[in-house]
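Dear colleague,

Here is the structure I promised to hand over, with my notes on it set out underneath. Please read them with the coordinates open beside you.

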Amino acid sequence: MCPHHPPSHRDVPHRPAPRCARGAEPAARRGTHRSLRPVPPPPPRRQRPTGAAAGARLAERPRDPATGRAGPAAMAAAAGRDAASASSAGAWELRHLHLSLRVAFAAAGAGRLRGTARLELRCARAGAGPLLLDAHPSLAVHRAALLPPPGTPPGSPPGEPLPVESRPFASYGSALHVALPRPLSAGQLLTLEIDYEAGEGPGVCWLAPEQTAGKQKPYMYTQGQAVLNRSFFPGFDTPSVKCTYSATVQVPEGFTAVMSATSWEKQDNNTFVFKMSQPIPSYLIALAVGDIVSAEVGPRSRVWAEPCLIEAAKKEYDGVIEEFLAVGEKLFGPYVWGRYDILFMPPSFPFGGMENPCLTFVTPCLLAGDRSLVDVIIHEISHSWFGNLVTNATWGEFWLNEGFTMYAQRRISTEVYGSAYTCLEAATGRALLRQHMDNTGEDHPLNKLRVIIEPGVNPDDTYNETPYEKGYCFVSYLAHLVGDQSKFDAFLQAYVNRFKFQSITADDALGFFLEYFPELKEKGVDSIPGFEFDRWLNTPGWPPFLPDLSPGEQLMKPADELAELWAADSLNMEAIEAMDITVWRTYQLVYFLDQVLQKSPLPEGNVERLSKMYPKISKAQNAELRLRWCQIVLKNNLEAEYSKVKDFLHSQGKQKYTLPLYRAMWAGSESARALAMETFSATAPQLHVNVQNYVKKILGLEVVED
Ligand code: BES
Ligand code: ZN
């Protein structure tokens, strides 16, 4: 994982940005109402810290010593409210959501979703006032109506139309006010139907045929996390609310629809029917439509991909998924989701993986041919317990999803691949946390586990390595306090069982930990000076405890030594040639390259020699190796290999690959900056809109209204 330097919401245009996918026309020349104008480049400097501006809004406030919470957003969280949701979720119980959609592709990577969202609600608080839903300016609501109560005789008049109004909420969404005809009493049931259209928003991505692997047919997909699904359907777009859902999706002839659902069924008339029978938060509802086919890779798993990729997809994961699921079940309890399938996305998909339940979405970069990037799959599988079953109640508690998942991923990896390999992989994670904290300064407010997200701040702009790797350290610290792996594994299983299908805060998780281990509670392990739970959660900085990664030393040591040799002023070729890297695994090479990067720029001429000596690295097709090699090329200003940076950025749009490379180009020479501008203007239309906006920030570009 690479650190992110996303801007705050204040720096991102407060209007719908260009769709994540358009035709091949460069963004700079596209559109009549908007143009991309360069603002004068800032003087060369280190890149702005991750989420620095967002961080500035995350001001320190006096805290309640008992809870560590502070300020109005914290109070909202304490009251179970999510500052990033405009909805009145607290006053309602959402019993079920049904989407009935038609998908229409338009020319040049655009399209529309038309249909109905039906919300089955129960009033939880009498006199709840208007019903507020999360929505987005890009959602066109045509009609809202109450359906007649169940049991109404056939032939009765259709549902009662309701006044509905969209009001501004934040840069990333709006509030849909639905006026109810009369005050409701607690417990009353209500079925609300909203006819709407969606398409232009950041959560719904439309790709032109040339942006797919097969280049024949268009493609569409949704990406909900964190707050994007409000541009897909109106609802309670907060992780604190879970509901079951169902959907019917009609697609054009020759297309297939898939969703994050328990069941999938094709009916006549190009209509696909889905049912998710477990309650999930809104951000996990996901849809993809394209020319996709599937192949079985295990008793409860298949891979989905475009026809031209399906063989490679099957080969990559045939027969391996079941073992990860089985180990996960042994460690954390039953896998409740039925199927575990994988959808290989088009190259512009902005994440390595997205844990949509029953159907993980992954970047096609995982098709390395040698299963070397399977840690991403293990990570997404781990979310089946941590994140999808036990969910963070607000995005300020995101470490509960990702920190526990990193821990679970490495537990599964240890069982399957052993501790040497797993510790090596964890060391590359720790290196990324180190880079992130070096870039931002350790005491940046985003470098604590519990982030106070003030109203107006887009949770996606707070994304960085801390919840992942500092979260991993904290969970490892809890395991260290327990002192016995099998007891801690049993705790994790009990934790999942206690909170399954719920959304929780750190206080819930840690309260349960102390309850589960009363002897630790008695010892006061939550307040050991320097390691206080409160400090872990609320104080930015380097983790006070680091798990022991020494079992990985046998793999790291040769890589450390080789990096040392390459950093020398005069190269000891004899010693270098004595080390045979052809037998090294991908993560050993990744670790080596991270060390080389850290020592870069290397003395004159060394990188050229390294490049010639190791074509396995400098000509690698593996995305993790390509990323590191491109970073080394830029840090050493190796102009002869700039084309590799360009090719890599043209070939995929993953955020964690794209942003570090633009940052490195922008921090480099004039020619590196020119490369950045040229590459961005050619590839911007293919990038997810969020990634586009983050790159624009790095390059000092802004969207300007004409
Ligand atoms: N849930 C995340 C991806 C995400 C996070 C999407 C925040 C939107 C907002 C996913 O599980 C993840 O962490 N993916 C990583 C995998 C890695 C840690 C192995 C990725 O995409 O790199
Ligand atoms: Zn994750």
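Pro-601 sits in the loop that runs between helix H15 (586-599) and helix H16 (606-613), and the peptide bond leading into it from Ser-600 is cis, with omega near 0°. Please keep in mind, here and throughout, that this is a predicted model. A second cis peptide bond joins Gln-225 and Ala-226, where omega is about -5°; Ala-226 belongs to the loop between strand E11 (219-222) and strand E12 (242-250). Gln-225 will come up again, since it is listed among the closest residues to ligand 1.

Two asparagines deserve a look for their backbone angles. Asn-269, although not a glycine, has a positive phi of about 65°, and it is placed in the loop between strand E14 (263-267) and strand E15 (271-281). With a relative accessible area of 57%, Asn-269 is exposed, the cut-off for that class being over 50%. Asn-637 also has a positive phi, of about 50°, without being a glycine, and its loop is the one between helix H18 (623-635) and helix H19 (642-651). At 34% relative accessibility Asn-637 counts as partly exposed, because that class covers the values between 20% and 50%.

Now to the zinc ion (ligand 2). The protein donors are NE2 of His-379, NE2 of His-383 and two OE entries from Glu-402, and they lie 2.0 to 2.6 Å from the ion. Along the sequence these donor residues follow the spacing H-x3-H-x18-E. Why is the arrangement around the zinc ion (ligand 2) classed as irregular? Six donor atoms surround the ion, and the angles they subtend run from 55 to 159°; six donors count as octahedral only if opposite donors are over 155 degrees apart and all others fall between 65 and 115, so an angle of 55° already rules that class out. Both histidines are buried, His-379 at 8% relative accessibility and His-383 at 1%, the limit for that class being under 20%.

His-379 also belongs to helix H5, where it is one of the buried residues. Eight of the eight residues of H5 are buried, so the helix is largely enclosed by the rest of the structure. The buried residues are Asp-375, Val-376, Ile-377, Ile-378, His-379, Glu-380, Ile-381 and Ser-382.

Helix H5 (375-382) leads on to ligand 1, because together with strand E20 (353-354) and helix H6 (398-417) it is one of the elements that each supply at least two residues of the shell around that ligand, as elements are defined here. The largest share of the shell, three residues, comes from H5. In total 19 residues surround ligand 1, and the closest are Gln-225, Gly-352, Glu-355, Glu-380 and Tyr-468. By class the shell has seven nonpolar, six polar and six charged residues.

Several polar atoms of the protein approach ligand 1. An oxygen atom of the ligand is 2.7 Å from a polar backbone atom of Gly-352, while a nitrogen atom of the ligand lies 3.2 Å from a backbone N or O atom of Gly-353. In the side chain of Tyr-468, an N or O atom is 2.5 Å from an oxygen atom of the ligand. Taken alone, ligand 1 exposes 520 Å², and the protein buries 97% of that.

Finally, three buried residues elsewhere in the chain. Asp-461 has its place in the loop between helix H7 (419-440) and helix H8 (466-482); with a relative accessible area of 2% it is buried, and its side chain makes a polar contact of 2.5 Å with the side chain of Tyr-694. Val-249 lies in strand E12 and is buried, with a relative accessible area of 0%; between Val-249 and Leu-287, which are 38 residues apart in sequence, the C-alpha to C-alpha distance is 9.2 Å. Pro-660 is part of helix H20 (residues 655-666) and is buried at a relative accessible area of 8%. The C-alpha atoms of Pro-660 and Arg-628 are separated by 9.9 Å, with their positions 32 residues apart along the chain.

With best regards

Terms used. Residues numbered from 1 in each chain as written. Chains lettered and ligands numbered in written order. Predicted model: local features only at pLDDT ≥ 70, side-chain atom pairs only at ≥ 80, totals over all residues. Heavy atoms only, no water. Donors = N, O, S within 2.8 Å, 3.2 Å for Na, K, Ca; no water. Tetrahedral: all angles 85-135°; square planar, octahedral: opposite > 155°, others 65-115°. Buried < 20%, exposed > 50% of the residue type's maximum accessible area, 1.4 Å probe, protein only. Near = heavy atom within 4 Å. Polar contact = N/O pair within 3.5 Å; in protein donor to acceptor, adjacent residues only side chain to side chain. Areas by Shrake-Rupley, 256 points an atom, 1.4 Å probe, with all protein chains shown as cover. Helix = DSSP H or I, 4+ residues; strand = E, 2+ residues; numbered from the N terminus. Nonpolar A, V, L, I, M, F, W, Y, C, P; charged D, E, K, R; others polar.
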